[in-house]
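The exercises below go with the structure shown next. Work each task from the coordinates before reading its solution.

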Amino acid sequence: SRFNGVRRIGIDDVAYRKGHKYLVVIYNHDTGTLLWVGRDRKKTTLGEFFAILGEERCKKITLVSADGADWISDMVHLNCPKAKLCLDPYHLVTWVNKAVDQLRGRLRRAAERDKSKNLAGLYSDSRWVVLKDPSRLSEEQKQTLAELTKLNTPLLKAYLLKEKLRQILAQGGVERIPYFNLWLAWALRSRIPEMVDLARRLRRYSTDIANTLRYGLTNGPGEGLNSRARQVINTARGVRC
């Protein structure tokens with residue numbers, strides 16, 4: 001009966017053992033309840049869920065939040081013809097943070113090769129500065145950011161791109177879609193390889209990101225369920241699954 005009336009679902013995964021062992025967790029956005037759990041991040045696992053849900057109920061699914069994995073999008077499009085995918089903002093921020101950190105590492109290594117110890121040290125010290133929320137920076141980290149601003153390196157430009165995307169996602173709303181498109185154009189013209197590659201990746205997901213901004217659906221509510229799942233896993237430590 002918990003499958004009746006399901007319209008909006010979230011699909012996520014949680015590690016339950018070392019060695020890339022994952023559970024697929026599916027929950028109902030409208031009720032905040034767990035719908036189903038399966039083992040292994042793969043298409044056949046989702047196929048089991050959609051088979052249980054049934055063809056008629058699958059047709060009534062309107063929105064699905066997920067992390068952009070192909071094995072999820074392929075199965076959603078195959079089984080839920082009316083569903084629109086929403087790319088979870090947390091994963092978007094994770095992608096942009098990774099790109100910024102890759103750039104920082106590249107610039108640090110270049111400074112070390114050029115024997116620019118001060119610059120290499122600044123890039124090394126700025127790791128968490130460029131990844132954290134600006135409102136949570138310590139006084140020392142704010143000073144490091146100020147030094148980056150004075151130098152006006154590519155890392156500062158990438159940092160500003162990261163913060164602008166985070167702001168767009170945090171504000172949400174259909175009116176933010178044009179701003180996201182402008183962000184893509186800005187990143188593509190940045191001449192920073194890491195940010196250009198990221199923008200090209202996000203461009204492939206532009207429809208899903210637009211859905212996220214329009215409908216405001218994220219995997220955030222499911223994190224509570226994931227946390228409880230991790231607690232159960234930790235409690236069962238030593239018991240093989």
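**Exercise 1. Strand register**

Which residue in S2 stands opposite Val14?

Solution. The model is a predicted one, and the register is read from its bridges. Step one is the pairing: strand S1 (residues 8-17) and strand S2 (residues 21-28) run antiparallel to each other and share eight bridges. Step two is the residue itself: Val14 faces Leu23 in S2. Step three follows the register along the pair: Asp13 stands opposite Val24 in S2, and Ile11 stands opposite Ile26 in S2.

**Exercise 2. The sheet as a whole**

Find the order of the strands in the open sheet, and state which strands stand at the edges.

Solution. Begin with S2, which pairs with S3 in the antiparallel sense over six bridges. Within this pair, Asn28 is opposite Thr33 in S3. The two strands S2 and S3 make a hairpin with four residues between them, and Gly32 in its turn has a positive phi of about 70°.

Next, take S1 and strand S4 (residues 63-66), which pair in the parallel sense over three bridges. Here Ile9 is placed opposite Val64 in S4.

Now assemble the sheet: its five strands come in the order S3-S2-S1-S4-S5, it is open, and the pairing is mixed. Strand S3 (33-39) and S5 are at the edges with a single partner strand each, so one side of each has no neighbour in the sheet. From one strand to the next the twist averages 25°. Helix H1 (residues 43-53) packs on this sheet and touches S1, S2 and S3, and its direction makes about 135° with that of S3.

**Exercise 3. Burial of two strands**

How many of the residues of S1 and of S2 are buried?

Solution. Use under 20% relative accessible area as the cut-off for buried. In S1, seven of the 10 residues are buried, so the strand is largely enclosed by the rest of the structure. In S2, seven of the eight residues are buried, and the strand is mostly covered. When reading such counts, recall that side chains in a regular strand alternate between the two faces of the sheet.

**Exercise 4. Two helix contacts**

Classify the contact of H4 with H9 and that of H5 with H6 by angle and handedness, then list the residues involved.

Solution, first contact. The axes of helix H4 (residues 89-113) and helix H9 (residues 193-204) come within 9 Å, crossing at roughly 160°. Angles over 145 degrees count as roughly antiparallel, and H4 is therefore roughly antiparallel to H9. The crossing of H4 past H9 is right-handed. From H4, the residues in contact are Leu92, Trp95, Val96, Ala99, Val100, Gln102, Leu103 and Arg106, and they meet Pro193, Glu194, Met195, Leu198, Arg201 and Leu202 in H9. By class, the contact of H4 with H9 has 10 nonpolar residues, one polar and three charged.

Solution, second contact. For helix H5 (residues 117-125) and helix H6 (residues 139-151), the axes come within 10 Å and cross at roughly 130°. H5 and H6 are therefore oblique to each other. Their crossing is left-handed. H5 contributes Leu119, Leu122, Tyr123 and Asp125, while H6 contributes Thr144, Glu147, Leu148 and Leu151. The contact of H5 with H6 divides into five nonpolar residues, one polar and two charged.

**Exercise 5. Two loop residues**

Is Asp88 buried or exposed? Is Pro221 buried or exposed?

Solution. Locate Asp88 first: it lies in the loop between strand S5 (84-87) and H4. Its relative accessible area is 4%, so Asp88 is buried. Leaving out residues up to four places away in sequence, Asp88 touches Ala66, Thr218, Asn219 and Gly220.

Then locate Pro221, in the loop between helix H10 (206-215) and helix H11 (222-235). Its relative accessible area is 59%, so Pro221 is exposed. As a distance check, take the C-alpha atoms of Pro221 and Lys142: these residues are 79 residues apart along the chain, and the atoms are separated by 32 Å.

Terms used:
Residues are numbered from 1 along each chain as its sequence is written. This is a predicted model: local features need pLDDT of at least 70, side-chain atom pairs count only at pLDDT 80 or more; totals for chains, interfaces and linings use all residues. Side-chain values use heavy atoms; hydrogens and water are left out. Axes are lines fitted to C-alpha atoms, for helices over the stretch in contact, and angles run from 0 to 180 degrees between N-to-C directions. Angles under 35 degrees count as roughly parallel, over 145 as roughly antiparallel, 65 to 115 as roughly perpendicular and the rest as oblique. A crossing is left-handed if the near helix is turned anticlockwise from the far one by less than a right angle, and right-handed if clockwise. Contact means heavy atoms within 4.5 Å. Ala, Val, Leu, Ile, Met, Phe, Trp, Tyr, Cys and Pro count as nonpolar, Asp, Glu, Lys and Arg as charged, and the others, Gly among them, as polar. Buried means under 20% relative accessible area, exposed over 50%, partly exposed in between (1.4 Å probe, protein chains only). Two strands pair if DSSP finds at least two bridges between them.
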